[in-house]
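Below is a short note on the structure, written for someone who has not looked at it before. The points cover the ligand surroundings and then some helix pairs.

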Amino acid sequence: MNRIVHGVSALASGRILLVDSEQARVDYLENIFSFIDYKVKVVDDFAELQTQISSKGEDPCVILVHGSDLDESELEKLIKKIEKMSVKPALLVLQGEDDESSNWKADSRFIGCLILPTRFDDLHDLLHKAQIYREQQLSENLSQRPLELFRSLSGNSRATRHINKMIEQVAETEATVLILGESGTGKEVVARKLHYKSTRRGMPFVPINCGAIPADLLESELFGHEKGAFTGAISTRQGRFELASGGTLFLDEIGDMSMPMQVKLLRVLQERTFERVGSNKTIQCNVRIIAATHRNLEEAITKQKFREDLFYRLNVFPIEMPPLRERVEDIPVLVNDLISRIETEKRGSVRLTPAAVMALAQYSWPGNVRELANLIERMAILFPYGVVDVKDLPEKFRTGISVVEQTGALPVVSISGEEPDTVAAVPRLPNEGLDLKAHLSSLEMNLIQQALDESDGVVAHAAKRLNMRRTTLVEKLRKYGLQRSQESTGF
Ligand SMILES: Nc1ncnc2c1ncn2[C@@H]1O[C@H](COP(=O)(O)OP(=O)(O)OP(=O)(O)O)[C@@H](O)[C@H]1O
Ligand SMILES: [Mg+2]
């Protein structure tokens, strides 16, 4: 998934399509935009613009149209065309120095107006607005991709099934949801899924990373500001609360929010109103709040780093994401889905042998699903359309693998002193202890896989080898996602 970076000062560079026929103005704008790393493509009229945006590979982030060149019917046509684009560019109107004051300036079909000569701060604000508009487009665009790949929380473990059930139950309510869990466990996946399962799905999902934005800028980023509210506030700007109106605001890394900002947020949650920085006008807030953090908020409360009252406001419906090492049964399904994602995005493909998947179940995954996603991506690059076996995995996933191939993660000693090649061998409990449930699951998965391999995938034969009923084995295969892994990887 594309991660959207929510910076306030860092503007993403991109392509701008400029519709203007006056050379002096074009030169001026080309100079400015190239200075801030934007590429400008100049077109003379609307006909050429239509051709440009239809051409393959042309993905402008901004379309800038000179106001005097505008014609209502052509503008209508252009807007219809833009509507069809999967990620729509931000449409801006340009008002030249000598132009009569333009009535396009207040036209809501434009994201904003660039008045010449411009100042850096004005331009920066305008491009920032265009950037947020694009971010929204991108996050909405993700929602249009196959639901099961990008909005679903893949996994067959009991924990993941339970979380999916909770999402179904709470999505349609207006309850504030607090998602907790280690980094990379899928908190944002859950937040997006909640939004798209809610009645607000047609409205924006606006994420904001409260930890990534400097404390003194967060307030205006959340609530917006009026022109002149502080040095640098050259123009009025909407905040994320306004941008999310009717939809969902995702307050990511809420545990990193400063105490003064927490007070302000609490007020909005209580009163459901806010003001832009520098304004007295009260704005009604119609957003559903979802918050997430990897921090232990209860601990933060005792250290006086997080307000208890805010915690209770947010913690209406908590969802705790378990680390991946506690739900290794999810790994085969996740591997499949992460590969499908790469395929859908046309970034190649790769396959993993069942033994390689088994080896992954032995690893502790400090980076959780994100680490797994990165590994799969890396494998797809190193072995394009190839088959990855245990020996091809990076070293850390192979540690103790010869033992793994026999009995699971742990070193074994034989009771009789013979080679440890039977399940009667007794694993040694490591000094640091172990997660018994996870270990037994991975051992079970490993042995089932071996039985299946030896029975050429015939479940009835494998069940016999394991001395269990066929239906019980089928149930276990479903639980561990082993059948899916076999079917779709062709093993
Ligand atoms: N259950 C899942 N099914 C499919 N993909 C998942 C799942 N969980 C996580 N991912 C993927 O793993 C990556 C990390 O997920 P996400 O960004 O939601 O984690 P996070 O908990 O918000 O992490 P952080 O605390 O670091 O922000 C993403 O690429 C996401 O698509
Ligand atoms: Mg996150």
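1. Orientation of two helices. This is a predicted model. In it, α13 and α15 are oblique to each other. The angle between them is about 55°, and their axes lie 10 Å apart. The crossing of α13 past α15 is right-handed.

2. What α13 and α15 bring to their contact. From α13 come Leu334, Val335, Leu338, Ile339 and Ile342, while α15 supplies Val369, Leu372, Ala373, Ile376, Glu377 and Ala380. Sorted by class, this contact of α13 with α15 holds ten nonpolar residues, one charged residue and no polar ones.

3. Surroundings of ligand 1. There are 18 residues around ligand 1, and those that come nearest are Ser183, Gly186, Lys187, Glu188 and Val369. Three elements give two or more residues each to this shell: α7 (187-196), α13 (331-344) and α15 (368-382). Val369 therefore deserves a second look, as a residue that comes nearest to ligand 1 and that also takes part in the contact of α15 with α13.

4. Make-up of the shell. Around ligand 1, eight residues are polar, six are nonpolar and four are charged.

5. Position relative to the domains. Where does ligand 1 lie with respect to domain 2 and domain 3? Ligand 1 lies between them, because domain 2 (145-322) and domain 3 (326-489) both contribute residues to its shell.

6. The pair α6 and α7. Helix α6 covers residues 158-171, and its axis comes within 9 Å of that of α7, with a crossing of roughly 40°. α6 passes α7 in a right-handed manner. Ile163, Ile167 and Ala171 of α6 make the contact with Val190, Lys193 and Leu194 of α7. Five of the residues in this contact are nonpolar and one is charged, with no polar residue. α7 is also one of the elements that give two or more residues to the shell around ligand 1.

7. The pair α2 and α3. Helix α2 (residues 46-54) and helix α3 (residues 72-83) have axes that come within 11 Å and cross at roughly 5°. Angles under 35 degrees count as roughly parallel, and α2 and α3 are therefore roughly parallel to each other. On the α2 side the contact involves Phe46, Leu49, Gln50 and Ile53, and these meet Glu74, Leu78 and Lys81 in α3. The classes here are four nonpolar, one polar and two charged residues.

Methods: Residues numbered from 1 in each chain as written. Chains lettered and ligands numbered in written order. Predicted model: local features only at pLDDT ≥ 70, side-chain atom pairs only at ≥ 80, totals over all residues. Near = placed C-beta within 6 Å. Helix = DSSP H or I, 4+ residues; strand = E, 2+ residues; numbered from the N terminus. Nonpolar A, V, L, I, M, F, W, Y, C, P; charged D, E, K, R; others polar. Domains from an automatic or database assignment. Axes fitted to C-alpha atoms, helices over the stretch in contact; angles between N-to-C directions. Parallel < 35°, antiparallel > 145°, perpendicular 65-115°, else oblique. Left-handed = near helix turned anticlockwise from the far one by under 90°. Contact = placed C-beta atoms within 7 Å.
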